[in-house]
Structures are given as C-alpha cells and as structure tokens.
Amino acid sequence: MIKFQSFLSSSSGNCTFVTDDHTHLLVDCGAGGKYITECMRRIGVDPHELSGILITHEHRDHIAGVGILSRKYDIPVYATEKTWDAIGESLGRFNEQNKRLAEQSMEFGKMTVSSFPIPHDAAEPVGYSFETSDDKFTIATDLGMITDSLFEALKGSKSIIIEANHDTDMLKNGPYPFYLKRRIAGEQGHLSNELCGRLCADLAKTGTETIWLGHLSSENNRPELAYQTVSAILHELNEKNVILNVLPKYWIA
Ligand SMILES: [Zn+2]
Ligand SMILES: [Zn+2]
C-alpha cells in the first residue's frame with residue numbers, strides 16, 4: 001500500500017511525502033528546510049532516509065526548499081532534462097552527484113515511479129505516479145488542460161492528488177491583472193474547479209476511490225467552494241462513491 005502526507009499544497013508552496021513503508025520520497029519542496037524537517041519529524045522519518053526528491057517543474061512554489069534539503073541531508077534530486085536546464089543555479093550550492101534525471105519509469109525499492117508530461121507553462125513539467133503490485137497513487141497539479149495522454153497516465157489511480165486551482169468566476173472578478181488571469185485560465189496554466197470535477201468523474205470510472213484536491217489558489221478559490229463544485233459534478237454524473245477531500249495549505253499551522 002502506498003501512503004502519502006501532503007506537507008503543503010497551494011499556489012504558494014507544494015511538498016508531498018510518499019512512502020510504501022520501505023522507500024520514502026518527496027515530491028517537490030516549495031517550503032523552507034525548517035518547516036519540512038519539522039513535518040518529517042512528525043511522521044517519524046529521518047530526512048536522511050529519503051531516497052529522493054522528485055521535482056515536477058522549476059516554478060518557485062515547487063523548488064524553494066529543494067537545494068537546502070538536498071544539501072543538508074544528502075538527498076538525490078530528480079528532474080527532467082529541460083527542468084534541470086531551467087533550474088540553473090537556483091538551488092544554490094548543490095552537490096552535482098545528487099543530480100538525477102527523472103526517467104519515464106524508475107524503480108525505488110518495490111515502488112515503480114512514472115513521470116508523465118503535464119500541460120503547463122514550464123520547461124518540461126511532469127506529474128508522478130507511484131505503483132506497487134496492488135496500488136497506484138498519482139500527483140497531478142499545475143495542469144492547463146486535460147489531454148488524452150494525460151488521462152491515460154492518471155487512469156486507474158486508486159488515490160490521486162489533483163489540482164482544483166481556481167473558481168472561474170472568482171478568477172474573472174478577482175484582483176489579478178488581465179495577463180495573469182489569461183495565463184492561469186489558459187491551456188498551459190491551471191485547472192479550474194469545474195474542469196477538475198469533470199476529470200474526477202472520468203477517473204472514478206477507471207477505479208479512483210479517493211481524491212484529494214490540491215494546489216488551490218489563495219486569491220481565486222476557497223476550500224469549501226472547490227469541494228462543493230467538484231462534489232456537485234460527481235453527483236450529477238452519478239459518481240457518488242468517491243471519497244473527496246481538500247488538502248490544507250499547510251499541514252502544520
Ligand atoms: Zn505550482
Ligand atoms: Zn507551476
């Protein structure tokens with residue numbers, strides 16, 4: 001069985017701990033080293049035991065704490081080739097020996113980790129799936145749209161963290177400048193609650209049992225609104241057995 005704990009999830013920072021009880025991984029690290037170290041302490045795992053930090057893309061809310069964590073605990077960091085190019089020097093002093101390429105399929109102990117492309121305005125952004133003989137867990141945020149190949153990668157996940165970034169009306173009427181609104185709503189931007197709802201209903205048909213909504217915008221969404229919108233669509237489309245949750249912005253207040 002694959003377990004996970006989101007340490008933080010929003011447009012301002014993302015980090016998820018994933019484990020099969022033997023191998024421990026982090027996906028992204030968009031927070032200070034101190035916060036992540038405290039989260040690790042709470043789940044009772046020594047950061048030295050992390051087998052890797054898997055980076056989805058180079059945006060600050062995903063990599064802010066990667067350099068310090070890797071340096072302090074000597075943790076390998078995985079990213080796609082163009083993501084590494086885009087990261088450049090932004091991890092600070094970094095041990096090149098810990099630089100790894102995120103392959104399409106990687107083995108970590110008994111877990112198979114797959115990376116798959118996501119439509120987002122970064123160099124070579126990916127999501128990650130974690131599979132054991134009887135489980136599949138997927139993290140897919142920062143999605144401008146849902147393509148056929150993306151759906152192929154997500155389907156069959158028993159549990160999933162999926163982006164419910166914004167409410168379309170809140171974004172439209174909110175404080176952001178026009179260019180930013182267009183970027184967020186665009187096909188390389190972020191997923192709305194409504195599109196997320198339809199995706200969740202489609203995923204439920206492929207065996208998805210538990211859904212965690214994540215990467216909510218602080219400006220253009222509210223947790224209750226994201227939950228209600230997705231839940232209403234699931235009901236409308238007759239997918240009533242899915243367990244729906246919203247990830248908090250911070251695990252530790
Ligand atoms: Zn992001
Ligand atoms: Zn991003």
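This is a short presentation on the sheets, the helices packed on them, the empty spaces and one salt bridge of a predicted model.

Good morning, colleagues. I shall begin with the sheet that comes earlier in the chain. It is an open sheet of 6 strands, arranged in the order 1-2-3-4-5-6, and its pairing is mixed. At its edges are strand 1, residues 3-10, and strand 6, residues 99-101, each of which pairs on one side only. Disregarding direction, neighbouring strands of this sheet are turned by 20° against each other on average.

As a reminder, the strands of a sheet pair through backbone hydrogen bonds, in either a parallel or an antiparallel manner. How do strand 1 and strand 2 run relative to each other, parallel or antiparallel? They run antiparallel, and 7 bridges join strand 1 to strand 2, the latter covering residues 13-19. Within this pair, Phe-4 stands opposite Val-18 of strand 2.

Two helices deserve mention here. Helix 1, residues 33-43, lies across strand 1, strand 2, strand 3 (24-27) and strand 4 (50-54). Its direction makes about 155° with strand 1. Helix 3, residues 66-73, lies across strand 3, strand 4 and strand 5 (77-79), and runs at about 160° to strand 4.

Helix 1 also carries a salt bridge, formed between Arg-41 and Glu-38, whose closest N and O atoms are 2.9 Å apart. Why are these two residues separated by about one helical turn? The reason is that Arg-41 and Glu-38 are 3 residues apart in helix 1. For the structure as a whole, the search finds 9 salt bridges.

I turn now to the other sheet. This is an open sheet of 7 strands in the order 7-8-9-10-11-12-13, and here too the pairing is mixed. Strand 7 (105-108) and strand 13 (243-246) are its edge strands, each pairing on one side only. The twist from one strand to the next averages 20°.

Inside this sheet, strand 10, residues 135-140, runs parallel to strand 11, residues 159-163, and 4 bridges join them. Thr-138 has Ile-160 of strand 11 as its bridge partner. Helix 8, residues 193-204, packs on the sheet and touches strand 11 and strand 12 (210-214), with its direction at about 160° to that of strand 11. Helix 9, residues 223-236, also packs on the sheet; it touches strand 12 and strand 13 and makes about 160° with the direction of strand 13.

Let us move to the empty space. Rolling a probe the size of a water molecule over the atoms shows where such space is left. The largest pocket has a volume of about 220 Å³. Its lining comprises 18 residues, and those closest to the pocket centre are Ser-11, Tyr-176, Arg-183, Ile-184 and His-190. Which helix gives the most to this lining? Helix 7, residues 178-185, does, with 3 residues. Sorted by class, the pocket lining holds 3 nonpolar, 11 polar and 4 charged residues.

As for enclosed space, the count is 1 cavity of 30 Å³ or more. About 100 Å³ of space lies in the largest cavity. Among the 14 residues lining this cavity, Asn-14, Cys-15, Thr-16, Ile-139 and Thr-141 are the closest to its centre. Strand 1 and strand 2 each supply at least two residues of the cavity lining. By class, the cavity lining divides into 6 nonpolar, 7 polar and 1 charged.

To close, I return to two points. The model contains an open sheet of 6 strands and an open sheet of 7 strands. Strand 1 and strand 2, joined by 7 bridges, each contribute at least two residues to the lining of the largest cavity. Thank you for your attention.

Notes:
Residues numbered from 1 in each chain as written. Chains lettered and ligands numbered in written order. Predicted model: local features only at pLDDT ≥ 70, side-chain atom pairs only at ≥ 80, totals over all residues. Heavy atoms only, no water. 1 Å grid on protein atoms, 1.4 Å probe; cavity = no way out; pocket = protein on both sides within 12 Å on 5 of 7 lines; lining within 4 Å. Points joined across faces, edges and corners; volume = space filled by probe spheres on them. Helix = DSSP H or I, 4+ residues; strand = E, 2+ residues; numbered from the N terminus. Nonpolar A, V, L, I, M, F, W, Y, C, P; charged D, E, K, R; others polar. Pairing = 2+ DSSP bridges. Axes fitted to C-alpha atoms, helices over the stretch in contact; angles between N-to-C directions. Contact = heavy atoms within 4.5 Å. Salt bridge = Lys/Arg side-chain N within 4 Å of Asp/Glu carboxyl O.
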